[in-house]
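Okay everyone, thanks for making room for me today. I'd like to walk you through one structure that most of you haven't met yet, so please have a look at the screen.

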Amino acid sequence: NLAGGATTADQNTFVGSSAGILNTTGNTNTAVGYSAYAHATTALNNTVVGWGALNAAMTTTGGNDNAAFGYDAGNAMTGAGGSFFGSQAGRVSTGIGDTFLGYTSGFANTSGTYNTCVGDQSCGTNTTGSYNTYIGFYSQTSSTSQVGGIGLGAYADPTASHQAVMGGDNASTYIDNFYVGRGKASATPQA
C-alpha cells in the first residue's frame with residue numbers, strides 16, 4: 001500500500017496503493033487511486049484521479065500540466081496539456097493539448113494533437129489526426145488521421161480532412177433542416 005516513492009519533490013499529494021510511487025523530482029502533482037500516476041518520475045503540475053490514470057513514464061520534457069479523471073484515463077500520456085475525463089478517455093494518447101471528455105473518448109488516439117472530443121466514444125478511431133473538434137456520441141468513427149475536421153451531433157462523421165459535418169447518417173441522428181440567423185422565431189423557412 002505504498003503511495004509516493006522516495007522523492008526530493010515538493011508539494012505533491014499521492015493517495016492510493018502505488019499512486020505516484022516512482023515520482024522522484026516532479027513537483028505540484030496530485031494523484032488519487034490505485035496505480036494513478038505510478039510511472040511518472042519528474043513531470044510537473046498534473047492532477048490525476050482514477051485507477052491507472054496518467055500512468056505513463058512522464059518526465060519534465062513532456063507530461064506536464066495534464067488532468068486525468070477516470071479509470072485508465074490518459075494511461076499512456078507522455079505529452080503536455082492534456083485533459084482526459086471519463087473511463088479510458090485518451091487511454092493511449094501521447095499527444096499534446098488534447099481534450100477528451102466521455103467514456104472512451106479519444107480511446108485510439110496515439111500521437112494526434114490539439115483535438116477536442118466531447119461525448120461517449122467520440123474520436124473513437126482517430127490515432128494521428130490533429131486539430132479536430134467532435135461533439136456528440138460516437139462522433140468521428142471512420143478516419144484515423146483527419147486534420148481540421150468538425151463533427152457536431154451523434155454519429156457525425158466527416159470523411160476527409162478540413163470537412164465539417166452536422167448530424168449522423170442514420171434515421172435517428174441526421175439533420176432535416178439547419179438554420180443560421182438572428183431572431184429566428186420558427187423552424188419554417190421564410191421566403
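I'll start with the overall layout and then stop at a few individual residues.

One thing up front: this is a predicted model. Keep that in mind whenever I quote a distance or an angle.

So, what is the protein chain built from? There are 10 strands and zero helices. If you read along the sequence, you get β-β-β-β-β-β-β-β-β-β. The protein chain has 191 residues, and buried ones make up 41% of them.

Now, how are those strands arranged? They form an open sheet, ordered β1-β2-β3-β4-β5-β6-β7-β8-β9-β10, with parallel pairing. At the edges you find β1, residues 13-15, and β10, residues 164-166, and each of these pairs on one side only. On average, neighbouring strands in this sheet are turned by 5 degrees against each other, ignoring direction. As a quick reminder, strands of a sheet pair through backbone hydrogen bonds, in either a parallel or an antiparallel way.

Let's zoom in on the start of the sheet. β1 and β2 run in the parallel sense and share three bridges. If you want a spot to point at, Thr-13 sits opposite Thr-30 of β2. Just a bit earlier, in the segment before β1, there's Thr-8. Is Thr-8 buried or exposed? Thr-8 is exposed, because its relative accessible area is 66% and the cut-off for exposed is over 50%. Thr-8 and Gly-26 are 18 residues apart along the chain, and their C-alpha atoms are separated by 8.4 Å.

Next stop, the cysteines. How many disulfides does a search of the whole structure find? Just one. That disulfide joins Cys-117 and Cys-123, with 1.8 Å between the sulfur atoms. The torsion about the S-S bond is about -65 degrees, so this disulfide is left-handed. Both ends are tucked away: Cys-117 counts as buried at 0% relative accessibility, and Cys-123 counts as buried at 1%.

Right beside Cys-117 in the numbering is Val-118, which belongs to strand β7, residues 116-118. Val-118 has a relative accessible area of 30%, so we call it partly exposed. Val-118 is also one member of a nonpolar patch on the surface. The other members are Phe-85, Leu-101, Ile-135, Ile-150, Leu-152, Met-166 and Ile-175, and together the patch has about 570 Å² of accessible area.

Last, two residues with a backbone angle worth a look. Which phi does Asn-45 have? Near 60 degrees, a positive value in a residue that isn't glycine. Asn-45 is in the loop that links β2, residues 30-32, and β3, residues 47-49. Asp-72 isn't a glycine either, and its phi is positive too, at about 60 degrees. You'll find Asp-72 in the loop between β4, residues 67-69, and β5, residues 83-85.

What about their surroundings? Asn-45 has a relative accessible area of 36%, so it is partly exposed. Asp-72, on the other hand, is buried, because its relative accessible area is 4% and buried means under 20%.

To recap: 10 strands in an open, parallel sheet, one disulfide, and a nonpolar patch on the surface. Thanks, and over to you for questions.

Terms used. Residues numbered from 1 in each chain as written. Predicted model: local features only at pLDDT ≥ 70, side-chain atom pairs only at ≥ 80, totals over all residues. Heavy atoms only, no water. Helix = DSSP H or I, 4+ residues; strand = E, 2+ residues; numbered from the N terminus. Buried < 20%, exposed > 50% of the residue type's maximum accessible area, 1.4 Å probe, protein only. Patch = residues over 30% accessible without salt bridge, like charges linked within 9 Å, V, L, I, M, F, W, Y side chains within 5 Å. Areas by Shrake-Rupley, 256 points an atom, 1.4 Å probe, with all protein chains shown as cover. Salt bridge = Lys/Arg side-chain N within 4 Å of Asp/Glu carboxyl O. Disulfide = S-S within 2.5 Å. Pairing = 2+ DSSP bridges. Axes fitted to C-alpha atoms, helices over the stretch in contact; angles between N-to-C directions.
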